[in-house]
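Student: I'd like to practise reading a structure by asking how each label is earned. Can we go through one together?
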Amino acid sequence: MNSFSITRTGTYLTIQDFGRFHLQHLGISSSGAMDQRVLKELAKVISDHQNQFLEFAYVGPSLKVQEGAIKVSVGGFCKIFVQKRNNTQIEHQPYTSINLFEGDELTIHNTISSVYGYIAIENGLGLKPCLQSYSTDTKAQIGSINRPLQIGDTFQIKKDVSSWEVQSSEGLQNLNQTHFKVYPGPQISYFSDEVIKTFISQPFKISSQSDRMGLRLEGPSLLSHLSHDILSEGILPGSIQVPSNGKPIVLMRDIPCTGGYPKIAILSGEDISKIAQLPPGTVINFDLESQSI
Amino acid sequence: MYFKEINHYGDRGLIIDFGIESSKDISQEINATIIYLKDLKLPALNTIPSYNKIVLHFKNTEDKQKSIQTLEIMMKDFRPLDIKRPYKRWNIPTCYEPQYALDLERVQKFHDLSIQEIVNLHTKKIYYNYYIGFMPGFPYLGEISSKLITPRLSSPRVRIPARSVGIAKEHTCIYPKVSPGGWNIIAQVPFDIFSLDHSRTSLFLPGDEVEFSKVTQSEFEKIQNKNFLFDEIIKEFSQ
């Protein structure tokens, strides 16, 4: 048996995968990793990840091997250190495999100019899926572990590491894309040409009141000449909705399943992962695509 | 037929549009359409009904493109009356005692009705479950008597107890779990309506009908203490 414990949680440490689907009609959000590009890249290093990844925001966690040995890889822009049992400290790079033995403690520092980081563990975390997914939705209390992880949480991994060979992948470049092409939202007609012009010509700033549910944007007010209260309807991640205060919100992975605010636009699927990595204070711009795709 | 057209929703979404109104007839056509769509085996990640729309979520643009053509052709042939949904009709024991009815007094004052009148108005109708949203298993039931239509609380309550029955605008609901919320709480039901241990997950499904039956405090506690599992609730309180 191999096992490790959480010895420091960092911030907002949860288990995530690529999402929980086919249940949004029962009020269950698709959740999943905020930046799914990182999971795909980590899968090149740790192929047998069992879809059980750890996600953290801003500050990384510490993991300590209690028994046996494990193999992990960290994705994201952060410094990674391993404290060996004899107190020597070794620095590792993201997107390389790291072998950890009994007594070793892995510590991940802050995410640099980005928000989310991930850890893949060979053979997974020994968890059972909840509604066909390992993702945690803390608000709805759904998940293999339905809350953020805590100090002392211990994971048992039955299978032994397959090989000690160090593997790595190229990793992701931190492109920090801040210009996003968006498609017209279902209620774009709720906004006048002038408001739409403001939306695509003015910069918006990502507010610190942003989380897995949505990114709040600061900038010019986008007021509808019709209404900010529509009959509730199904919503997709990446939608940009505008409540009555005119301040747009980009809806992210822990999406409310239905919503009653008009949606001026929607990001492309790929850009959801990109915008998720922009720290509060980042200034972004939108560009409106015509729909026919 | 209320079906109007199929619209784009970004690069991964489609909206099947049934107009701008909301009614039980429209909702029934939507719920029948959902059954019809199941047979088309579209590669959708989520199919989300609401009052007058169905939103389809696809993994990528390719899956969406493949589905548009099928949908355009199949929706032309669709006749909603051909499909009867195997819905359930629920009769839910409900306790309107003051300790559960946090906003009964407010509703009373707003409409100048007696508690008895409010309970009678709420229990005399059979409600249609339009859809589930807001939180897992939260049913939007309608329409309530026009005499009971009450605005949401101006400042939402931070903590509404699980199983609370609320009313707001034309609808009534049950909170599956403790939650913040702005509905006027007028009663409570004696069992959970959301369960991860049952394949149904949500007790109520879109298209189901729900009736509330008033029970006394002691009857309520008796049912509560039985800690019913979903299968037992289904057997006992639905047909």
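Tutor: Sure, and keep in mind that this is a predicted model. You go ahead and ask.

Student: What makes strand β1 (residues 2-8) of chain A and β11(A) a pair, and in which sense do they run?

Tutor: Two strands pair if there are at least two bridges between them. β1 and β11 of chain A have 4 bridges, and the sense is antiparallel. That clears the cut-off, so they count as a pair. One of the bridges links Ser3(A) to Gln156(A) in β11(A).

Student: Which strands make up the sheet they belong to, and in what order?

Tutor: The order in chain A is β7-β6-β9-β4-β1-β11, which is 6 strands in an open sheet with antiparallel pairing. β7 (89-92) and β11 (154-157) of chain A each have a single partner strand, so they stand at the edges with one side lacking a neighbour in the sheet. From one strand to the next, the twist averages 25°.

Student: How do you know whether the size of chain A agrees with a compact globule?

Tutor: Compare two values. A compact globule of 293 residues would have a radius of gyration near 19 Å, and chain A has 20 Å, so the two agree. The C-alpha trace of chain A spans about 65 × 35 × 35 Å along its principal axes.

Student: Why is Tyr58(A) called partly exposed?

Tutor: Count its neighbours: 16 other C-beta atoms lie within 10 Å of Tyr58(A). Buried needs 20 or more and exposed needs 12 or fewer, so a count in between is partly exposed. Tyr58(A) sits in the loop between β3 (53-57) and β4 (62-67) of chain A.

Student: And Thr201(B), is that one buried or exposed?

Tutor: Thr201(B) has 20 other C-beta atoms within 10 Å, so it is buried. Look for Thr201(B) in the loop between β12 (184-188) and β13 (209-214) of chain B.

Student: What is phi in Tyr58(A), and what is it in Thr201(B)?

Tutor: Phi is near 70° in Tyr58(A) and about 60° in Thr201(B). Both are worth pointing out because most residues other than glycine have a negative phi. Tyr58(A) is not a glycine, and neither is Thr201(B).

Student: Which residues does the cis peptide bond in chain B join?

Tutor: Gly142(B) and Glu143(B), with omega at about -15°. Glu143(B) is in the loop between β7 (139-142) and β8 (157-160) of chain B. Most peptide bonds are trans.

Key. Residues are numbered from 1 along each chain as its sequence is written. Chains are lettered from A and ligands numbered from 1 in the order in which they are written. This is a predicted model: local features need pLDDT of at least 70, side-chain atom pairs count only at pLDDT 80 or more; totals for chains, interfaces and linings use all residues. Helices (H or I, at least four residues) and strands (E, at least two) are DSSP runs, numbered from the N terminus. Axes are lines fitted to C-alpha atoms, for helices over the stretch in contact, and angles run from 0 to 180 degrees between N-to-C directions. The radius of gyration is taken over C-alpha atoms; the globule rule is 2.2 Å times the number of residues to the power 0.38.
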